[in-house]
Structures are given as structure tokens and as C-alpha cells.
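Me: Please take a close look at the enclosed space in this model. I would like one connected account of it and of the residues around that part of the chain.

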Amino acid sequence: MSFSIQGKMCGRIAGPGTFSLNRAIITQQGIAGRFCSVITDIELPADKRQYTGLYDNCSLCGACQRACPADAINMHGKAHTPCFSFLETVNKKYPSYYGCGKCQCGMPCESAVPPANPKADYSVIKNIDSGN
């Protein structure tokens with residue numbers, strides 16, 4: 001049997017954080033982290049989530065949008081195609097390098113949940129599966 005597990009989706013479902021405008025997960029420790037998945041049939045107690053909405057930890061400040069060299073992020077979320085195209089271009093120029101991270105480094109959510117933005121309108125963000 002073969003299947004793919006997306007770490008970010010598992011991270012959201014497991015409960016440590018919520019999505020950000022750039023489609024990363026913002027936990028109490030911020031956005032700069034990695035997730036792994038363990039599949040088990042052991043019943044584990046659930047922790048109480050500190051949020052209710054899909055994007056509650058994101059203040060929609062737009063810092064990741066301004067930092068994105070591929071213009072892949074807007075107030076509707078992140079479009080994966082221009083991001084991937086940018087990464088492919090960088091990889092052709094620098095074959096040993098694959099990655100960017102400019103939408104994650106130095107952001108207000110890098111190492112903590114940013115202060116809440118009472119004017120944030122999460123309804124404008126497209127479904128995480130739509131790919132923009």
C-alpha cells in the first residue's frame with residue numbers, strides 16, 4: 001500500500017496550530033517548525049485546542065505576502081504553482097539549492113502566535129485545497 005500524508009494537514013488536524021496566509025502552520029512556538037506523522041492504533045488523549053477557526057493564529061498582517069519573491073501569496077492565500085515555478089527557476093540556477101522560506105523567516109509569526117488583528121477577515125481566504 002502506498003499513500004501520501006501531508007504534514008501540514010496532519011498538523012492542523014492533530015491540533016497544535018492553525019494555517020497562515022502562506023499555508024504554513026502557526027503553533028504557539030510560531031511558524032518555524034517541522035511536522036512528522038506517526039500512524040498508530042494506540043488511543044491517545046486529545047489536548048484542548050486553543051482556537052476554533054482554521055486561521056485563528058494568523059493576523060493577516062500581509063508580511064508573508066510582501067516577502068514572497070514569486071508573488072505567490074495574496075490576501076486569498078498562497079497559490080502553489082507560482083511558488084513551485086520560482087523554486088524550479090532557483091534550482092536551475094543553483095542546482096544544490098532547493099527552497100526559499102522568505103515567507104516564513106522574519107515574520108511576526110516566526111517564533112510565536114502574533115497579536116490578534118480585530119480587523120482580520122478570514123472569509124476572503126480560499127479553501128486550503130483549492131490551490132488558489
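Reply: The largest cavity has a volume of about 100 Å³. This is a predicted model, so that volume is a computed value, as is every other value here. With a threshold of 30 Å³ or more, the count comes to one cavity. Rolling a probe the size of a water molecule over the atoms is what shows where empty space is left.

Start with the wall. The lining of the largest cavity has 15 residues. Nearest its centre lie C58, L60, C61, C64 and C109. By class, the lining holds eleven nonpolar residues and four polar ones. Charged residues are absent from this lining.

Next, take L21. L21 sits in the loop between β1 and β2. Its contacts include C58, L60 and C64. Those three are also among the residues nearest the centre of the largest cavity. L21 further touches I73, N74, M75, G77, K78 and I125, with residues up to four places away in sequence left out. Is L21 buried or exposed? L21 counts as buried, because its relative accessibility is 1% and the limit for burial is under 20%. There is also a long step in sequence here. L21 and C103 are 82 residues apart along the chain, yet their C-alpha atoms are 9.5 Å apart in space.

Now S20. S20 too is placed in the loop between β1 and β2, where β2 covers residues 25-27. The relative accessible area of S20 is 3%, so S20 is buried. Beyond four places in sequence, S20 touches I26, I31, Y55 and C58. C58 is one of the residues nearest the cavity centre. L60 is another of them. From S20 to L60 the C-alpha distance is 7.8 Å, with their positions 40 residues apart in sequence. The side chain of S20 also makes a polar contact of 2.3 Å with the side chain of N22.

T18 comes next. T18 belongs to strand β1, residues 17-19. With a relative accessible area of 0%, T18 is buried. C58 appears among the contacts of T18 as well. Residues 53 to 57 are represented there by G53, L54, Y55, D56 and N57. Y51 is on the list too, along with R12, A24, I25 and I26. One of these partners has a polar link: the side chain of T18 reaches the backbone nitrogen of N57 at 2.9 Å.

Put these together at C58. T18 touches C58. S20 touches C58. L21 touches C58. C58 itself is among the residues nearest the centre of the largest cavity.

An open space is worth setting beside the enclosed one. The second largest pocket holds about 680 Å³. It is lined by 24 residues, and C10, I13, A14, G15 and P16 are closest to its centre. That lining divides into 14 nonpolar, seven polar and three charged residues.

Finally, the chain as a whole. It has three helices and four strands. Along the sequence they run α-β-β-α-β-β-α. The chain has 132 residues, and 33% of them count as buried. Among contacts with a separation of 6 or more, 69% join residues 24 or more positions apart. The exposed area is about 8900 Å², with 55% of it supplied by carbon and sulfur atoms.

Notes: Residues are numbered from 1 along each chain as its sequence is written. This is a predicted model: local features need pLDDT of at least 70, side-chain atom pairs count only at pLDDT 80 or more; totals for chains, interfaces and linings use all residues. Side-chain values use heavy atoms; hydrogens and water are left out. On a 1 Å grid over the protein atoms alone, a cavity is a set of points where a 1.4 Å probe fits but cannot get out, and a pocket is an open set with protein on both sides within 12 Å along at least five of seven lines; lining residues have an atom within 4 Å of a point. Grid points are joined across faces, edges and corners, and a volume is the space filled by probe spheres set on the points. Ala, Val, Leu, Ile, Met, Phe, Trp, Tyr, Cys and Pro count as nonpolar, Asp, Glu, Lys and Arg as charged, and the others, Gly among them, as polar. Helices (H or I, at least four residues) and strands (E, at least two) are DSSP runs, numbered from the N terminus. Buried means under 20% relative accessible area, exposed over 50%, partly exposed in between (1.4 Å probe, protein chains only). A polar contact is a pair of N or O atoms within 3.5 Å; within protein, one must be able to donate a hydrogen and the other to accept it, and residues adjacent in sequence count only if both atoms are side-chain atoms. Contact means heavy atoms within 4.5 Å. Accessible areas come from the Shrake-Rupley method with a 1.4 Å probe; for residues, only the protein chains shown count as cover.
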